[in-house]
Amino acid sequence: MHIVLGANPEADQPWVVDAVADLVRQSGGSVAVVAVDEVELERLTAAPRSVFVERAQRAASAAVQRLAAVGIEASQTVLSGRPLQQILGFADQQHADLIVVGSSTRPAVAERLLGSLPLALIEKSPRPVLVITHPDRSR
C-alpha cells in the first residue's frame, strides 16, 4: 500500500502521522508526505511566499522525522497552490492507494464558513481518503 500523507502547515497533527505509521506497520506499505503552501497568487498574500513555503516545509519535515523515529522512511514534497488540487494531483503522480489527512482544527463555525479540505478530498478523490481526528476531540 502506498500512502500519501497530507501534512497540515497550519497545525501540528502528530496523531495523524502516528496513524499512518500504524497503517504502514500493518500493511508493509510506503509513505509520501506532501504539504501545500496554499499560495496561489503571491500578490494576494499578506506575507511573502517564502513564509508560507517555510511553514509547509516545517510541516512536511516534522511528519517525515516522526515517521523516521519509528523506523519508517518517507519522501517529502512541498507544493505551491490550492491544497485540494495539489494533493489530488500528487496522489495521482504517486499512484497512491490511500490519502490520509487530519480533520480540520478550526472551530465548527469557521469550518462551515471556510470549507473543509478533508471533506473536499472525500468528495473529489477517485481514491480512498482516510481522515484522522484528534484522539481527544469530543464532538
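Is Arg127 buried or exposed, going by its relative accessibility? The close-up views below, taken from a predicted model, begin with this residue and then move on to others.

**View 1. Arg127 sits in a loop between a helix and a strand.** The loop in question joins the two elements α5 (117-124) and β5. Arg127 has 17% relative accessibility, so it counts as buried, the cut-off being under 20%. Look for the polar atom of the Arg127 side chain that lies 2.7 Å from the backbone oxygen of Ala96. Ala96 is also among the residues that Arg127 touches beyond four places away in sequence, together with Ala91, Asp92, His95 and Ile99.

**View 2. Asp37 lies in the loop between β2 and α2.** With a relative accessible area of 2%, Asp37 is buried, because that value falls under 20%. Its side chain has a partner to look for: the side chain of Ser80 makes a polar contact with the side chain of Asp37, at 2.6 Å. Next to Ser80 in the list of residues that Asp37 touches, you will find Leu79 and Gly81. Arg49, Phe52, Val53 and Ala56 complete that list, which leaves out residues up to four places away in sequence.

**View 3. Val31 belongs to strand β2.** This strand covers residues 30-36. Val31 has a relative accessible area of 4%, so it is buried. Here is a nice example of folding bringing distant parts of a chain into one view: Val31 and Met1 are 30 residues apart in sequence, and their C-alpha atoms are 8.7 Å apart in space. If we skip residues up to four places away in sequence, Val31 touches His2, Ile3, Leu5, Val20, Val24, Leu67, Ile72, Glu73, Ala74 and Ser75.

**View 4. Helix α1 has buried residues that pack against several other elements.** The buried residues of α1 are Trp15, Val16, Val17, Ala19, Val20, Ala21 and Val24. What do they pack against? Their partners are β1, β2, α2, β4 (98-102) and β5 (129-132). You can also check the length of this helix: at 1.5 Å a residue, its 14 residues should span 20 Å, and the end C-alpha atoms are 20 Å apart, which agrees. Just after α1 comes Gly28, with a positive phi of about 70°.

**View 5. Pro83 is found in helix α3.** The helix covers residues 83-94. Pro83 counts as buried because its relative accessibility is 19%, and the cut-off is under 20%. Along the sequence, Pro83 and Glu38 are 45 residues apart, but in space their C-alpha atoms are 6.0 Å apart. Glu38 is one of the contacts of Pro83, along with Val36 and Leu117, when neighbours within four places in sequence are left aside.

**View 6. The second largest pocket holds about 220 Å³ of space.** Three elements each give two or more residues to its lining: β1 (2-7), α1 (14-27) and α2 (49-69). Which of the elements gives the most? That is α2, with six residues. In total, 18 residues line the pocket, and Ala11, Asp12, Gln13, Ala59 and Ala62 lie nearest its centre. Sorted by type, the lining has ten nonpolar, three polar and five charged residues.

Technical notes. Residues numbered from 1 in each chain as written. Predicted model: local features only at pLDDT ≥ 70, side-chain atom pairs only at ≥ 80, totals over all residues. Heavy atoms only, no water. Helix = DSSP H or I, 4+ residues; strand = E, 2+ residues; numbered from the N terminus. Buried < 20%, exposed > 50% of the residue type's maximum accessible area, 1.4 Å probe, protein only. Contact = heavy atoms within 4.5 Å. 1 Å grid on protein atoms, 1.4 Å probe; cavity = no way out; pocket = protein on both sides within 12 Å on 5 of 7 lines; lining within 4 Å. Points joined across faces, edges and corners; volume = space filled by probe spheres on them. Nonpolar A, V, L, I, M, F, W, Y, C, P; charged D, E, K, R; others polar. Expected span 1.5 Å × (residues − 1). Polar contact = N/O pair within 3.5 Å; in protein donor to acceptor, adjacent residues only side chain to side chain.
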